[in-house]
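Student: I am new to this structure and would like a close look at one part of it, namely the aromatic rings and how they are arranged. Could you take me through that part slowly?

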Amino acid sequence: MLRPALARSAATAAVASLGGFILCFEPVVQPGGARPEALAVFRIAFGLLLALRLHRLRRAVPVLWPSQRASPWDRRLPLVRAIDLWQLGAVALAAGLCTPAAALVCLVLGLYIFRRSYTHSLEDVLFQMTSFFLVRADAGAVWSVDARWGLPGAIIDPVLALNLWWTALALLLLSAGFEKLFSPLWRRGLGFSLFVGLPHLVQRRFRFLRRMPALGWVLSWTTVVTELGYLPAALSLPVR
């Protein structure tokens, strides 16, 4: 069982590294191509979505973080209190208040909280990766408290940060899609239906989708094709 898993991991790393190497020669975001308004809209939407997700996450605390996974740090910073601070950082990020620092708070607390969780999905990795690059991208240049108060923004060149961000996202999705190809459930088109049945991620009113196997098959393979095609699409200028 271990050898096939190592082989899949090695193949995933090889394919993802090759894609990243190719992207080094043709940046996705060219100088002057990143509009501050677009980054601001993304920052606001991301911060509000994260805050809403954390609000719902509290109900899953007994399931994802049971008492047997308690830490000595819980006496100083209980898990629910850490989620409150994380949510406060997400709201500050949406408002553009000390944007790099707010993104850093979201990153650190996200790593601390989900390191102890029973599950760690692609969604969690996406939230952490986005928080990491929002520390570096100048997402608070407009439509933010930072812009109104004249607070400093990007730590490194925003164009470089955006290209690194896009590349990391493309490699993450390629890795996820490549791994799904080795899963019998995803190859049979059952991945979406099983995901809809997860009580801590999907609301009950959407579980009727499990009774539509044809739709589940289409959405399962749409997910795989989209994840695998995101990185190759970067090699086509018209698609960009």
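Tutor: What follows is a walk through the aromatic rings, and then through a few charged residues and a helix. Please keep in mind that this is a predicted model, and that a pair of aromatic rings is described by the distance of the centres and the angle of the planes.

A search of the whole structure finds eight aromatic pairs. One of them joins F42 and F46, whose rings are stacked, with 6.1 Å from centre to centre and 15° between the planes. Both residues belong to helix α2, which covers residues 36–57, and because they are four residues apart there, about one helical turn separates them. Their surroundings can be described by accessibility: F42 has a relative accessibility of 34% and so counts as partly exposed, whereas F46, at 7%, counts as buried, since buried means under 20%.

F46 also pairs with F127, and here the rings are tilted, with their centres 5.5 Å apart and an angle of 40° between the planes. This pair links distant parts of the chain, as F46 is in helix α2 while F127 is in helix α6 (residues 122–134), 81 residues apart. Both partners of this pair, F46 and F127, are buried. If we now step back from the separate pairs, F42, F46 and F127 turn out to form one aromatic cluster together with F132, F133 and W165.

Charged residues come into the picture as well. Over the ring of F132, a member of that cluster, sits the charged end of R136, 4.0 Å from the ring centre. In another place K180 lies over the face of W186, at 4.9 Å from the centre of the ring.

K180 leads us on to R187, which has K180, L181, F182 and W221 as its contacts once neighbours within four places in sequence are left aside. R187 is found in helix α9, residues 184–187, and its relative accessibility of 43% means that R187 counts as partly exposed. The C-alpha atom of R187 is separated by 9.3 Å from that of V224, although the two residues are 37 residues apart along the chain.

V224 is one of the buried residues of helix α11, the others being G216, S220, E227 and L231. Helix α11 itself runs over residues 213–233, and its 21 residues reach 29 Å from the first C-alpha to the last, which is close to the 30 Å expected at 1.5 Å a residue.

Notes
Residues numbered from 1 in each chain as written. Predicted model: local features only at pLDDT ≥ 70, side-chain atom pairs only at ≥ 80, totals over all residues. Heavy atoms only, no water. Phe/Tyr/Trp six-rings, centres within 6.5 Å; stacked < 30°, edge-to-face > 60°. Helix = DSSP H or I, 4+ residues; strand = E, 2+ residues; numbered from the N terminus. Buried < 20%, exposed > 50% of the residue type's maximum accessible area, 1.4 Å probe, protein only. Lys NZ or Arg CZ within 6 Å of the ring centre and 35° of its normal. Contact = heavy atoms within 4.5 Å. Expected span 1.5 Å × (residues − 1).
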